[in-house]
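Trainee: Please take one part of this model and go through it closely. I would like to follow the charged side chains and the loops and strands that carry them.

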Amino acid sequence: RTATFTVKITDVNDNAPVFGNSSYSGSVDENSAAGILVAQVSASDEDTGNNSVIRYSLSGDDGKFEINAFSGAIKTTDSKLDRENKPVFNLIATATDSGSPALQKDVVVTVTVLDKNDETPFFSQKVYEHTILETTTAGTSIFQPSAGDLDIGGNAELTYSLDADERFLINATTGLITLADKIVDPLSNRPLCHHKNPTEIFELFLNATDHGTPPLVGKSKLTLTVKDVNEDT
């Protein structure tokens, strides 16, 4: 006689989840609001039934990102991102199946924080002091302040300027200050300094403006002392 048997093979959880990519990447603006999609990971499992049901988790995020356990969508949290503090995050996304014992697989998700113009330019000193002689001729370079910006790209490019003072010029790119005209009394056309007044002080107000949108301005002051030269006999 012939007998027919039906054999049912029960799945054993012997396959770990597999991600669709060997790594993932994404980017997000600094200071972004919560809930901004940064990256999407996806994994599959060759097992069947409950052994193939995957849950996602995330580590290395410093509380800045979260992952949807079911979809694998990675989004920002309400913890603000600051590119100047940390420009790149290397997150670890983990896919874990629902077998017993559970199997899992990790993948690296690199998130780059993009710059926003949120840093004001700054001078190396809030107040500079410098001295020149009253005989300094027009066109002479007299001082060069230094400014910087913690942003990057165009947000960190600076243009220098002076608050109105026609006796001095500043190079918009380098910040080099030169004397536009000889230093004399505008009424007498004679030197400002003399034995009764051996020095004259000018206060120049400096600006460093970045190229961001909107632009931000850093300020400083140059106290310039003009000293008398004893040309009288």
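Mentor: Strands here are DSSP runs of E of at least two residues, helices are runs of H or I of at least four, and both are numbered from the N terminus. The model is predicted, so local features need pLDDT of at least 70 and side-chain atom pairs count only at pLDDT 80 or more, while totals for chains, interfaces and linings use all residues. Residues are numbered from 1 along each chain as its sequence is written, and side-chain values use heavy atoms, with hydrogens and water left out.

Start with D62, in the loop between β5 and β6. Its phi is near 55 degrees, which is positive although the residue is not glycine. For background, most residues other than glycine have a negative phi, and most peptide bonds are trans. The side chain of D62 forms a salt bridge with K86 at 2.8 Å, N to O; the term covers a side-chain nitrogen of Lys or Arg within 4 Å of a carboxyl oxygen of Asp or Glu. K86 belongs to the loop between β7 (73–76) and β8 (88–97) and D62 to the one between β5 (54–59) and β6 (65–67), so this pair ties together parts 24 residues apart in sequence. K86 has 29% relative accessibility and is therefore partly exposed (buried is under 20% relative accessible area, exposed over 50%, partly exposed in between, with a 1.4 Å probe and protein chains only).

The strands that flank these loops also pair, which requires at least two DSSP bridges between two strands. β6 and β7 are antiparallel over three bridges, with F65 having T76 of β7 as its bridge partner. Their hairpin has five residues between the strands, and there G72 has a positive phi near 80 degrees. β7 also pairs with β3 (residues 37–40), again antiparallel and over three bridges; here K75 in β7 is opposite L37. Leading into β3 is the loop from β2 (23–29), which holds N31. N31 has a positive phi near 65 degrees and is not glycine; its relative accessible area of 36% makes it partly exposed.

In total the structure holds four salt bridges. One of them joins the side chains of R83 and E84 at 3.3 Å, N to O, and both residues belong to a salt-bridge network that includes D115. R83 is buried, at 10% relative accessible area, whereas E84, at 23%, is partly exposed.

R83 also matters for reading D149, which is in the loop between β13 (147–148) and β14. D149 is buried but has no salt bridge, and R83 is its nearest side chain of opposite charge, 7.1 Å away (Lys and Arg count as positive, Asp and Glu as negative, and His and the chain ends are not counted). A polar atom of the D149 side chain does lie 2.8 Å from the backbone nitrogen of D151. That fits a polar contact, a pair of N or O atoms within 3.5 Å in which, within protein, one must be able to donate a hydrogen and the other to accept it; residues adjacent in sequence count only if both atoms are side-chain atoms. Apart from neighbours within four places in sequence, D149 has contacts (heavy atoms within 4.5 Å) that include E119, F122, L158 and D210.

The strand after this loop is part of an open sheet of four strands, ordered β11-β18-β17-β14 with mixed pairing. β11 (127–133) and β14 (158–162) are its edge strands, each paired on one side only. β14 runs antiparallel to β17 (residues 199–210) over five bridges, and T159 has T209 of β17 as its bridge partner.

Within that sheet, the side chains of K221 and E203 form a salt bridge at 3.2 Å, N to O. The pair links distant parts of the chain, with K221 in strand β18 (residues 217–227) and E203 in β17, 18 residues apart. E203 is partly exposed, at 43% relative accessibility. The loop between β17 and β18 holds P214, and the peptide bond from T213 to P214 is cis, with omega near -5 degrees. Another cis bond runs from S100 to P101, with omega near 0 degrees; P101 is in the loop between β8 and β9 (104–114).
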